[in-house]
Amino acid sequence: MNLPRVPNTPRGTRELGPSDLHLWLLPPPAAPRDVPVGELDAHERQRAAAYRRTDDRKTYVAAHVGLRRVLSVYTGVAPQRLAIGREWCEECGERHGRPVLVGLPGAPEFSLSHSHGLAMVAVARTRVGVDVQALPSRETVDACLPLLHPAERQEITRIPAEQRQTAFARLWSRKEAYLKGLGTGLARAADIDYLGEAAESWRPTGWTVRNMPLCASHVGAAALAGDKDWRAGIHPVPADWLYARDAVERISAVEPGLRTVLRAHDPSSVRTHALIDTRNRKERAQAS
């Protein structure tokens, strides 16, 4: 498939190593007219129209335009020409699950999340999920607690009330990032997988799931397939760059505002926890 390239932006402008995680913080536009809606495909425009609240619709459109412009940096294909579909399922022969770039062999994996004015895109060479959350109200935390893994519920309720909203948001962002990486989203019950803080040996095997520093009003997390350390760079994109006519060329020049390492889970990191079986996996398998 021969797709039009972005002028002055060759394929591979942004290098992405096998242990790299690139995170892009995308701000909302100053005005709705700044967003080039024509870069979205028919499915995205249909999804946008389904939002009842105007602010939610604007956030969705801006986030998906930003996603396409970021992915253009890695592929060299014009944003409006990128085909974003769903992962191919060998069992049923249909596309569903994680969003992927279609028709571009070797294209990077990606994930998108947006919440209350902030969007974040993750790009990596492995299955990846990302989630950003605005801090919830106390009422939201109380309403969502029953959805958690029993051990996660116990951890949250043990935390002082004034710290509970942040702790819950961090946990929920880890959980959603992991479920996005799997490709199930919240179709997989939130109480199945443990993603708490007390016992990393109980977290999903073969994945690294970590929170990342963002800002006072939001928390974020990334999940990557691969039980190893990941070099992460957080790239804040100025609003006047993201929505400029030469946005792709400008984005390609954005340097990380923060570099960090997402450490692999420590299987020996276990504290006393009444609802967590702290035996190793072999012992648990033998017992069952």
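Visitor: Which residues of helix 4 (residues 150-158) are buried?
Guide: The buried residues there are A151, E152, Q154, E155 and I156. Please note that this is a predicted model. To be called buried, a residue must have under 20% relative accessible area.

Visitor: What covers the buried residues of helix 4?
Guide: The cover includes helix 5.

Visitor: E176 lies in helix 5. Why is E176 called buried?
Guide: The relative accessibility of E176 is 17%. The cut-off for buried is under 20%, and 17% meets it, so E176 counts as buried.

Visitor: What does E176 touch, leaving out residues up to four places away in sequence?
Guide: E176 touches D131, Q133 and L186. A contact needs heavy atoms within 4.5 Å.

Visitor: What makes the pair E176 and Q133 a polar contact?
Guide: Their side chains are joined at 3.4 Å. A polar contact is a pair of N or O atoms within 3.5 Å, one able to donate a hydrogen and the other to accept it. The value of 3.4 Å is within that limit, so the pair E176 and Q133 is listed as a polar contact.

Visitor: How far apart are the C-alpha atoms of E176 and A222?
Guide: They are separated by 9.0 Å, while the two residues are 46 residues apart along the chain.

Visitor: S173 is also placed in helix 5. Why does S173 count as buried?
Guide: S173 has 0% relative accessibility. Buried means under 20%, so a residue at 0%, such as S173, counts as buried.

Visitor: Which residues does S173 touch, not counting those up to four places away in sequence?
Guide: S173 touches D131, Q133, N211, V219, G220 and A221. In addition, its side chain reaches the backbone oxygen of R170 at 2.8 Å.

Visitor: How do you know that strand 8 (residues 218-225) is mostly covered?
Guide: By its count of buried residues: 8 of 8. H218, G220, A222 and L224 point one way, V219, A221, A223 and A225 point the other way, and all are buried.

Visitor: What makes strand 6 and strand 8 a pair?
Guide: They are joined by 7 bridges and run antiparallel. Two strands pair if at least two bridges are found between them, so 7 bridges satisfy the rule for strand 6 and strand 8. D131 stands opposite A221 in strand 8.

Visitor: How many bridges join strand 7 (residues 207-212) to strand 8?
Guide: There are 6 bridges, and these strands run antiparallel. M212 stands opposite G220 in strand 8. Strand 7 and strand 8 form a hairpin, with 5 residues between them.

Visitor: Why is strand 1 (residues 20-26) described as largely enclosed?
Guide: Because 7 of its 7 residues are buried, strand 1 is largely enclosed by the rest of the structure. D20, H22, W24 and L26 are buried on one side, and L21, L23 and L25 are buried on the other.

Visitor: Which way does strand 9 (residues 230-236) run relative to strand 1, parallel or antiparallel?
Guide: The two run parallel, joined by 6 bridges. L25 stands opposite P236 in strand 9. Strand 5 (residues 118-124) is also joined to strand 1 by 6 bridges, and those two run antiparallel. The bridge partner of L26 in strand 5 is A119.

Visitor: H116 is in the loop between strand 4 (109-115) and strand 5. Why is H116 called exposed?
Guide: The relative accessible area of H116 is 69%. Exposed means over 50%, so H116, at 69%, is exposed. The phi of H116 is near 45 degrees, a positive value in a residue other than glycine.

Visitor: What is the reach of helix 2 (residues 54-75) from its first C-alpha to its last?
Guide: Helix 2 has 22 residues and reaches 32 Å, close to the 32 Å expected at 1.5 Å a residue. As for cover, 16 of its 22 residues are buried. G76 follows helix 2 and has a positive phi, near 80 degrees.

Visitor: Which residues lie nearest the centre of the largest pocket?
Guide: R47, H64, R86, P99 and L112 do, out of 31 lining residues. The volume of the largest pocket is about 680 Å³. Helix 2 is among the elements that each supply at least two residues of the lining.

Methods. Residues numbered from 1 in each chain as written. Predicted model: local features only at pLDDT ≥ 70, side-chain atom pairs only at ≥ 80, totals over all residues. Heavy atoms only, no water. Helix = DSSP H or I, 4+ residues; strand = E, 2+ residues; numbered from the N terminus. Expected span 1.5 Å × (residues − 1). Buried < 20%, exposed > 50% of the residue type's maximum accessible area, 1.4 Å probe, protein only. 1 Å grid on protein atoms, 1.4 Å probe; cavity = no way out; pocket = protein on both sides within 12 Å on 5 of 7 lines; lining within 4 Å. Points joined across faces, edges and corners; volume = space filled by probe spheres on them.
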